[in-house]
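Let's take a walk through this one together. Have a look at the fold first, and then we'll go through it piece by piece.

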Amino acid sequence: MRSPKDFFAPLAVGAPEPVRQIPALPSRMIHFFDPSNEKMAAKAPEIAKKVDVLLGNLEDAVKAERKEAARTGLVEIAKANDFGSTQLWTRVNSLDSPWVLDDLITLVTEIGDKLDVIMVPKVEGAQDIHYVDRLLAQLEARAGLSKPLLVHAILETASGVANVEEIAGASPRMQGISLGPADLAASRRMKTTRVGGGHPGYLVRTDPVGEDLTTGRTTYQQDLWHYTVARMVDACAMHGILPYYGPFGDIRDVVGCEDQFRNAFLLGCVGAWSLHPAQIDIAKRVFSPSPEDVAWARRVIAEMGDGTGAVMIDGKMQDDASVKQCRVVAELADALAASDPELAEAYREAQS
Ligand SMILES: CC(C)(COP(=O)(O)OP(=O)(O)OC[C@H]1O[C@@H](n2cnc3c(N)ncnc32)[C@H](O)[C@@H]1OP(=O)(O)O)[C@@H](O)C(=O)NCCC(=O)NCCSC(=O)C[C@H](O)C(=O)O
Ligand SMILES: [Mg+2]
């Protein structure tokens with residue numbers, strides 16, 4: 001572990017100073033596209049106008065023989081477009097793959113000034129982040145970058161989950177962590193065959209009444225990801241970085257997707273991945289606090305004055321702790337409304 005005194009020092013001569021605060025930029029959806037897929041690549045500039053984060057994916061879901069085309073495609077798209085306030089991220093190949101070194105060298109030296117965040121898959125522990133951290137510093141120095149690239153880890157191995165707190169605090173570059181349910185399920189030897197979401201077999205059943213074990217026993221499907229998401233949220237909050245739910249692979253099931261995203265939102269996540277254009281609006285809706293919740297939060301804040309003591313509002317007790325929750329909601333609403341005029345209008349209307 002680096003000494004706290006050196007934590008914010010650049011890791012290479014000529015590399016930019018690390019950031020001291022992770023910017024809380026809107027990132028309700030991290031929209032994945034394959035830069036080697038001509039159709040998707042052609043849509044990227046239009047999609048960029050609708051999303052908070054556009055991510056050029058180089059890892060899983062890109063065929064092995066298209067890896068180089070994906071890398072080159074992303075460089076071309078980044079050079080040819082100005083995405084304005086939409087962040088541009090990439091997911092590089094895993095650290096044990098034959099592609100990742102060239103991914104990092106090419107992307108940082110060619111389009112390092114256009115990229116905001118590098119997503120690193122299958123992170124096992126702090127050592128993986130330390131490797132990327134030093135390499136990025138060297139490449140940033142070579143490319144003459146003035147702004148440091150941030151790093152986002154995917155939590156998708158059993159060791160990654162066991163080490164999530166040290167991963168979250170491994171570098172001042174750490175921007176956030178996403179759950180990768182598909183790889184995590186495989187790593188844990190879970191018996192699912194899906195990309196995220198629930199499973200009808202994972203349930204609890206009410207007790208039997210009398211001797212009859214089969215009738216009148218309601219079952220409730222449980223959330224396979226609750227433990228991991230909650231643990232990830234705590235690790236991120238502890239280190240001042242941002243947690244995200246990852247992918248929901250059943251593109252057709254927009255209802256199940258919305259439920260999974262909402263659970264993550266309520267537990268503390270700031271966004272999720274959109275794999276298909278149909279998931280963009282779901283993430284936008286879910287990860288923006290509702291106008292009614294924002295109006296309520298603002299009312300509590302106003303009636304609580306300096307934020308101490310206890311008051312009754314509509315029969316509910318409010319005190320120092322509930323006003324803090326209301327501030328979380330109101331501050332998120334303000335941050336999102338600043339770059340989303342439609343949302344700003346909806347919040348204004350609910351207030352009046
Ligand atoms: C899932 C898909 C393969 C579906 O693609 P397709 O069959 O082409 O869907 P549609 O016919 O409905 O598409 C309609 C049009 O929209 C374009 N399209 C589709 N997806 C995207 C996109 N993501 N961005 C931009 N444009 C998109 C199609 O080209 C169609 O265009 P047109 O014909 O001109 O109308 C596909 O959506 C896809 O590949 N999505 C990305 C998948 C991905 O990135 N997967 C990796 C992330 S999940 C993961 O890695 C697991 C995780 O790590 C873990 O371990 O949990
Ligand atoms: Mg994965």
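Which strands does H8 lie across, and at about what angle does it run to E6? Bear in mind as you look that this is a predicted model. H8 lies across strand E5 (150–155), strand E6 (174–179) and E9, and its direction is at about 175° to that of E6.

Let's stay with this helix for a moment. H8 covers residues 226–239, and at 1.5 Å a residue its 14 residues should span 20 Å; the C-alpha atoms at its ends are 20 Å apart, so expectation and model agree. Its buried residues are Thr228, Val229, Met232, Val233, Ala235 and Cys236. They take up an arc of only 165° around the axis, which puts them on the same side of H8. Turn to the other side of the helix and you'll find Asp234, Ala237 and Met238, which are exposed. Just after H8 comes glycine 240, with a positive phi of about 65°.

Now for the sheet beneath our feet. It is an open one built from 8 strands, and reading across it the order goes E9-E6-E5-E4-E3-E2-E1-E10, with parallel pairing. Strand E9 (242–244) and strand E10 (272–274) are at the edges; each has a single partner strand, so one side of each is left without a neighbour in the sheet. On average, neighbouring strands here are turned by 25° against each other, if you ignore direction. As a reminder, strands of a sheet pair through backbone hydrogen bonds, in either a parallel or an antiparallel way.

Two of the pairings are worth a look in detail. Strand E1 (residues 29–33) and strand E2 (residues 53–57) run parallel and are paired over 4 bridges; in this pairing, phenylalanine 33 stands opposite glycine 56 of E2. Strand E4 (residues 117–120) is likewise joined to E5 in parallel by 4 bridges, and the bridge partner of methionine 119 is histidine 152 in E5.

How many of the residues of E5 are buried? The count is 6 of the 6, so E5 is largely enclosed by the rest of the structure. In a regular strand the side chains alternate between the two faces of the sheet. Sure enough, E5 has Leu150, His152 and Ile154 on one side and Val151, Ala153 and Leu155 on the other, and both of these faces are covered.

Next, go back towards the start of the chain, to helix H1 (residues 38–48). Its buried residues are Ala41, Ala44, Ile47 and Ala48. Looking down the axis of H1, you see them fall within an arc of 115°, so they line one face of the helix. The face turned away from that buried side carries Glu38, Lys39 and Ala42, which are exposed. And what covers the buried residues of H1? Among the elements that do are E1, E2, helix H2 (67–80) and helix H10 (280–286).

H2 makes a natural next stop. This helix has 14 residues and reaches 20 Å from its first C-alpha to its last, close to the 20 Å expected at 1.5 Å a residue. Its buried residues are Lys67, Ala70, Arg71, Gly73, Leu74, Val75, Ile77 and Ala78. The cover over them includes E1, H1, E2, strand E3 (87–91) and helix H3 (100–111).

Two single residues make a nice contrast. Alanine 330 is found in helix H12 (residues 320–337) and is buried, at 7% relative accessible area. Beyond its neighbours within four places in sequence, alanine 330 is in contact with Ala297, Arg298 and Ile301. Arginine 20, by comparison, lies in the segment before E1 and counts as exposed, with a relative accessibility of 62%.

Finally, step back to the protein chain as a whole. It has 13 helices and 12 strands. Its radius of gyration is 22 Å, close to the 20 Å that the globule rule gives for 352 residues, so the chain is as compact as a globular protein of that length. The C-alpha trace spans about 65 × 55 × 45 Å along its principal axes, and buried residues make up 47% of the 352. Of the contacts with a separation of 6 or more, 71% are between residues 24 or more positions apart.

How values were computed:
Residues are numbered from 1 along each chain as its sequence is written. Chains are lettered from A and ligands numbered from 1 in the order in which they are written. This is a predicted model: local features need pLDDT of at least 70, side-chain atom pairs count only at pLDDT 80 or more; totals for chains, interfaces and linings use all residues. Side-chain values use heavy atoms; hydrogens and water are left out. Helices (H or I, at least four residues) and strands (E, at least two) are DSSP runs, numbered from the N terminus. The expected span of a helix is 1.5 Å times one less than its number of residues. Buried means under 20% relative accessible area, exposed over 50%, partly exposed in between (1.4 Å probe, protein chains only). The arc is that of the directions from the helix axis to the C-beta atoms. Two strands pair if DSSP finds at least two bridges between them. Axes are lines fitted to C-alpha atoms, for helices over the stretch in contact, and angles run from 0 to 180 degrees between N-to-C directions. Contact means heavy atoms within 4.5 Å. The radius of gyration is taken over C-alpha atoms; the globule rule is 2.2 Å times the number of residues to the power 0.38.
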